[in-house]
Structures are given as C-alpha cells and as structure tokens.
Amino acid sequence: MSQVLVFRELQGGLLAKLQAVHDVTMANPRKSEQHAAFMAALPTTEALIGSSFPITGELLDQAPRLKVISSISVGVDNYPLASLAARGITLCHTPGVLTETTADTIFTLVLATSRRVLELASLVREGRWTKNIGEDLFGWDVHHKTIAILGFGRIGQAVAQRAALGFGMQVLYTNTSPIEVPGLQGRARQVSLPEALAGADIVVSTLPLTSATHRLINDATLAQMRAGAFFINGSRGGIVDEAALLRALDSGRLRGAGLDVFEPEPLPFSSPLRTHPRVTPLPHAGSATHETRRAMAEMAVANLLAVLAGRTPAAAYPLPAPQP
Ligand code: 8YV
C-alpha cells in the first residue's frame, strides 16, 4: 500500500479504485481551503495524480518519498522535467485519448472565429436581429483556404485531417521532420516557420510549451502573417505574447483570434482578450467532454497503479537524461 495524493478531483469510481489498494489523500491546491492539506501531505506522498497545477522543484523538495506523478493531461509543461529525471521520479501522462476531441475544439475555434459566430449569436440573443445582416457582419470562408499548423504531433495531424479532408484546405505545417498523415498524401506540406506564417490564411498552434516555443507568437512573428489572417491557439497560452496579439488585432492585421488557452489561466477579468470583438475565447476546454475527460482520468489511474505495482505504465513521459 502506497501513500497517494490526488490533487485534482477524480470522477466517481476512480477514486474508489485507488482507495481499494492505496492510502489516498484528496487535496486540490488550486482551492485555497485545500492548499494547506496538499502541502501537509507532501512529505509522506509516494504518488501524485492530477493536473493543472505547477509542480515545481521546490515542491519536489517537500516530497522526498515521491516515486511517480501521473498527470491527467497530455501536456507536461506543469512539471520540472529535469528535476524529475534527477530525482528518478516517473512522470506519466495521457496522450492519444484526447487527440480527436482537442482537434474538434480547435477546428470549432477555426470556424467560429472565421465566421464570427459569437457576434452573430449575440445579435440574435440580444434582440438586435431586426433586418437581414449586411456586409458589416459577414465572416470569411474557411473551406479551400490555406491553414498552417504549428506543431505536427497527434493533435496537429488530427486538425490537418479535418482541414484537408473535411474542408478541402491546403495544409502547411511546421515540424522537426516531415510526416505522412493517412489520407493526406499531397495535401499537407512541411515548411519553415516563416513560410507557414506568410503562406496561410489561418495559423493554428498545437505546439507544446517549452523554452523554445515560449512567446513564439510575438510582434515579429505576427508581422510575418498575412494581412487579414486568423490565429488560433489550442495548445498553451505561454506561446503567445498577448500584448502583441492585442496590437495585431487592434491594428486589423489579424482579422480574429480563437483562443482556448491564456497566460495566466483563468483569464483575468481585466484582460482585454476577454471581451475583444475579434476574439473567440474558450476556458481551456480542448479536451473537456464527458467521454474524453473520463478516458483521461482512467488512463492516469491505470498509469499510477501500474508504476506502484512495479509494472510498465501505458504512457510514461520520456524524461531528459539526468545531467552529470
Ligand atoms: C487537460 C490539457 O485536459 O491535456 C492537456 O495537456 O491541456 C488539457 O486538455 C487539462 O489540463 C485538464 O486535465
């Protein structure tokens, strides 16, 4: 029996599955009333499971018995990878199970932003639809346009399939190497970042947040985008310099932005992005369907149980080799 600390709520049944074999403490440190309990449990904790909370090297210093972190997420930017490697702590995550759902969300933002869905819905809901809509409310076509996908992992490839096979779009993508995606032969082309930015009507980020991608979307890269382009962020808020994005939107250089992620999150009430007329905002809902979040939690629990039982988990994240 191991000491397990659950730091994000688990759907019914999954907590009981952990409690059947381990000594489980539930404390979500993002909730002020539970933060002290989270910190108090760390010294004896052997396993962590949860998401959406930064586990720092300083926190790891408080958890000398920690063997494994099972993240209910595919992204691992909330974890100090080098510190985990140095301490021999296993990190598990949940790739694959959220790919299609997150790609659906991203393409929802592509369509909603290009076709100005929020503005049109507000017209109806606020009782302002009193005549046929005019050019001032027209959107822009998505079908058969060119989309650039920054980052071509599972989610980027799933977005490409939706774009090319569903909407007849030309796909440009950036990646460390060319990738053949089923059904996309000849419809998707690997290009450099400048070529992607200059060549697309719609630029989509599915990039992980790393030191190399932090603030990648900034004044300089936004200036490389086509005038009238759209930018969609379905990965991490830290990839965008939000002040630069606002400048590009206010100048009209960008026709619109669809944003599922921000920095920080939740998006502060004071942020101009919250109400900007050219922005379609979502609350980090990429994987937020009943089916997918259940599948993610089930995978994370299975990963944790496997590691604690001395078995190989389905999805251990490949940590960098410990530095000498
Ligand atoms: C997570 C995410 O589902 O998987 C990720 O990396 O960003 C989200 O889709 C979220 O952190 C809740 O677990």
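Is R215 buried, exposed or partly exposed, and what is its relative accessibility? In this predicted model, R215 has a relative accessibility of 36% and therefore counts as partly exposed, since that value falls between the limits of 20% and 50%. R215 is found in the loop between β9 (202–205) and α9 (219–224), and its backbone has a positive phi of about 55° although the residue is not a glycine.

R215 also enters the description of E242, a residue placed in helix α10, which covers residues 242–251. E242 is buried yet has no salt bridge, and the nearest side chain of opposite charge, that of R215, is 7.4 Å away. Side chains of opposite charge can pair when their charged atoms come close. A salt bridge is counted within 4 Å, so the 7.4 Å between E242 and R215 does not meet that cut-off. When neighbours within four places in sequence are left aside, the residues in contact with E242 are F262, E263 and L273.

One of these contacts of E242, E263, takes part in an unusual stretch of backbone. The peptide bond from E263 to P264 is cis, with omega near 0°, and P264 has its place in the loop between β11 and β12. A cis peptide bond also joins E265 and P266, where omega is about -5°, and P266 likewise lies in the loop between β11 and β12. Most residues other than glycine have a negative phi, and most peptide bonds are trans. Besides R215, with its positive phi, H144 has a positive phi of about 65° although it is not a glycine. H144 lies in the loop between α6 and β6 (146–150), and because its relative accessibility is 59%, H144 counts as exposed.

A search of the whole structure for salt bridges finds 13 of them. In one, E9 is paired with K31, and the closest N and O atoms are 3.0 Å apart. E9 lies in the loop between β1 (3–6) and α1 (14–19), whereas K31 lies in the loop between β2 (23–26) and α2 (32–41), so that the pair ties together parts that are 22 residues apart in sequence. Both partners are partly exposed, E9 with a relative accessible area of 38% and K31 with one of 34%.

A further salt bridge is formed by D104 and R162, whose closest N and O atoms are 2.7 Å apart. This pair links distant parts of the chain, with D104 in helix α5 and R162 in helix α7 (residues 154–167), 58 residues apart. The two partners fall into separate accessibility classes, because D104 counts as partly exposed at 40% relative accessibility, while R162 counts as buried at 18%.

E119 and R116 form another of the salt bridges, with the closest N and O atoms 2.8 Å apart. Here E119 counts as partly exposed at 26% relative accessibility, and R116 counts as buried at 15%. In addition, E46, R65 and K67 are joined into one network by salt bridges that share partners.

The second largest pocket has a volume of about 350 Å³. Its lining consists of 21 residues, and those closest to the pocket centre are L118, E119, P277, R278 and V279; E119 is thus the residue that also forms the salt bridge with R116. The elements that give two or more residues to this lining are α5 (99–114), α6 (117–125), β11 (254–259) and β12 (279–281). The largest share, six residues, comes from α6. Divided by class, the lining of the second largest pocket holds eight nonpolar, six polar and seven charged residues.

Towards the end of this account, attention turns to G310. The place of G310 is in the segment after α11 (290–308), and with a relative accessible area of 68%, above the 50% limit, G310 is exposed. The C-alpha atoms of G310 and D250 are separated by 55 Å, the two residues being 60 residues apart along the chain.

How values were computed:
Residues are numbered from 1 along each chain as its sequence is written. This is a predicted model: local features need pLDDT of at least 70, side-chain atom pairs count only at pLDDT 80 or more; totals for chains, interfaces and linings use all residues. Side-chain values use heavy atoms; hydrogens and water are left out. Helices (H or I, at least four residues) and strands (E, at least two) are DSSP runs, numbered from the N terminus. Buried means under 20% relative accessible area, exposed over 50%, partly exposed in between (1.4 Å probe, protein chains only). Lys and Arg count as positive and Asp and Glu as negative; His and the chain ends are not counted. Contact means heavy atoms within 4.5 Å. On a 1 Å grid over the protein atoms alone, a cavity is a set of points where a 1.4 Å probe fits but cannot get out, and a pocket is an open set with protein on both sides within 12 Å along at least five of seven lines; lining residues have an atom within 4 Å of a point. Grid points are joined across faces, edges and corners, and a volume is the space filled by probe spheres set on the points. Ala, Val, Leu, Ile, Met, Phe, Trp, Tyr, Cys and Pro count as nonpolar, Asp, Glu, Lys and Arg as charged, and the others, Gly among them, as polar.
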